[in-house]
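Grab the model and work through a few short exercises with me. Each one sets a task and then walks through a solution.

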Amino acid sequence: MFHEFAGKVTSEISRVLDDVEEQKVMELVQSILEAQHIVLCGAGRVGLACKGFAMRLGHLGKTAFTIGDSTIPSVGKGDLVIVGSSSGETQTVYDVAALGKKKGTHVVLITASPDSRMGTLADSVVVLHAPTKFGHRQGDDSIQPMATLFEQCLQIVFDIVVLILMEKTRQSPDELWARHTNLD
C-alpha cells in the first residue's frame, strides 16, 4: 500500500512541476537577488513552507523574514514580499500582499489561482496547477486531500529556487552551513 501511494503522489508532484513556467521562476530568482529585505507570508501548511524558505534564504546570506517574526523591518521600494496561497484568496495573506504593494515592495505570488485577487495584485505570479481549498479544476486532480499537492510542490519549488540561487551566487553547501545556527 505504501509504495502504491508513493508512486501516485510522486507522479502527481512530477506532473505539477513539469508544468511550472520556468521564466516565472527565474523572475522570482532575480527578484530575490535584487531585494534588500524579503518577507514571506502564507497561512497553514503554506506558511510552514514559507518559513522553511526564509530560513534557507538566510543561509544564502539574504535578509529574510516571515510574517510573525518580531524583527521584520519597515519595507518599501527595493524590498520583496513573497506570498503563497493556493486559492489566492486567503484574507490574511491578501492583506499582507496589499500592504506590501502599498508600501512599494515588489510582490510575488505563488498560487494555483492566477486569476484570484492576489493574482491581480501581484507583480509576478508563479503558477502551480494543483487543487485549492475551493476544489479541483480540470486537469488538477489529486488523490491527496485538500491542498496537499500544492503545499508539497511549493516546498519543492522553494528548494529548487535555493539550488538556482546557490549556482547564481556560486555558493557551496559548506557556505550555507557556515550561516546555520550554532546554538543547537
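## Salt bridges, a pocket and a few odd backbones

**Exercise 1. Classify R117 by accessibility, then find its salt-bridge partner.**

Step 1. R117 has a relative accessible area of 32%, so it counts as partly exposed. Keep in mind that this is a predicted model.

Step 2. Now look for a carboxylate: the side chain of R117 meets that of E89 in a salt bridge, with 2.8 Å from N to O.

Step 3. Place the two ends. E89 sits in the loop between strand 3 (80–84) and helix 4 (91–102), while R117 belongs to helix 5 (residues 117–121), so the pair ties together parts that are 28 residues apart in sequence.

Step 4. Check the partner too: E89 is partly exposed, at 26% relative accessible area.

**Exercise 2. Work out how many salt bridges the structure holds, and examine the pairs E4 with K8 and E27 with K24.**

Step 1. The count for the structure is five salt bridges.

Step 2. Take E4 and K8: their side chains meet at 3.3 Å, N to O. Both lie in helix 1, four residues apart, which is about one turn of the helix.

Step 3. For E27 and K24, the closest N and O atoms are 3.7 Å apart. That still passes, because the cut-off for a salt bridge is 4 Å. Both residues lie in helix 2 (residues 22–34), three residues apart, again about one turn of the helix.

Step 4. Run the accessibility check on each residue. E4 comes out at 49% and K8 at 36%, both partly exposed. E27 is partly exposed at 28%, and K24 is partly exposed at 24%.

**Exercise 3. Describe the largest pocket: what is its volume, and which residues are closest to its centre?**

Step 1. The volume is about 250 Å³.

Step 2. The lining has 15 residues, and those closest to the centre are A43, V46, S86, A147 and E151.

Step 3. Sort the lining by element: helix 3 (44–59) and helix 6 (148–168) are the elements that give two or more residues. Helix 3 makes the largest share, with three residues.

Step 4. Sort the lining by chemistry: five residues are nonpolar, seven polar and three charged.

**Exercise 4. Find where M146 and R170 lie, and say what their phi values are.**

Step 1. Start with the background: most residues other than glycine have a negative phi.

Step 2. M146 isn't a glycine, yet its phi is positive, about 55 degrees. M146 lies in the loop between strand 5 (124–127) and helix 6, and at 72% relative accessible area it is exposed.

Step 3. R170 also has a positive phi of about 55 degrees without being a glycine. R170 lies in the loop between helix 6 and helix 7 (173–178), and it counts as exposed at 75% relative accessibility.

**Exercise 5. Which residues make the nonpolar surface patch, and is M1 buried or exposed?**

Step 1. The patch is made by M1, F5 and I143, and has an area of about 360 Å².

Step 2. M1 lies in the segment before helix 1 (2–18).

Step 3. With a relative accessible area of 78%, M1 is exposed, because the cut-off for exposed is over 50%.

**Exercise 6. What separates the C-alpha atoms of T10 and Q152?**

Step 1. Along the chain, T10 and Q152 are 142 residues apart.

Step 2. In space, their C-alpha atoms are separated by 10.0 Å.

Step 3. T10 lies in helix 1 and, at 44% relative accessibility, counts as partly exposed.

Methods:
Residues are numbered from 1 along each chain as its sequence is written. This is a predicted model: local features need pLDDT of at least 70, side-chain atom pairs count only at pLDDT 80 or more; totals for chains, interfaces and linings use all residues. Side-chain values use heavy atoms; hydrogens and water are left out. Patches are made of residues with over 30% relative accessible area and no salt bridge: like charges are joined within 9 Å, nonpolar side chains (Val, Leu, Ile, Met, Phe, Trp, Tyr) within 5 Å. Accessible areas come from the Shrake-Rupley method with a 1.4 Å probe; for residues, only the protein chains shown count as cover. Buried means under 20% relative accessible area, exposed over 50%, partly exposed in between (1.4 Å probe, protein chains only). On a 1 Å grid over the protein atoms alone, a cavity is a set of points where a 1.4 Å probe fits but cannot get out, and a pocket is an open set with protein on both sides within 12 Å along at least five of seven lines; lining residues have an atom within 4 Å of a point. Grid points are joined across faces, edges and corners, and a volume is the space filled by probe spheres set on the points. Ala, Val, Leu, Ile, Met, Phe, Trp, Tyr, Cys and Pro count as nonpolar, Asp, Glu, Lys and Arg as charged, and the others, Gly among them, as polar.
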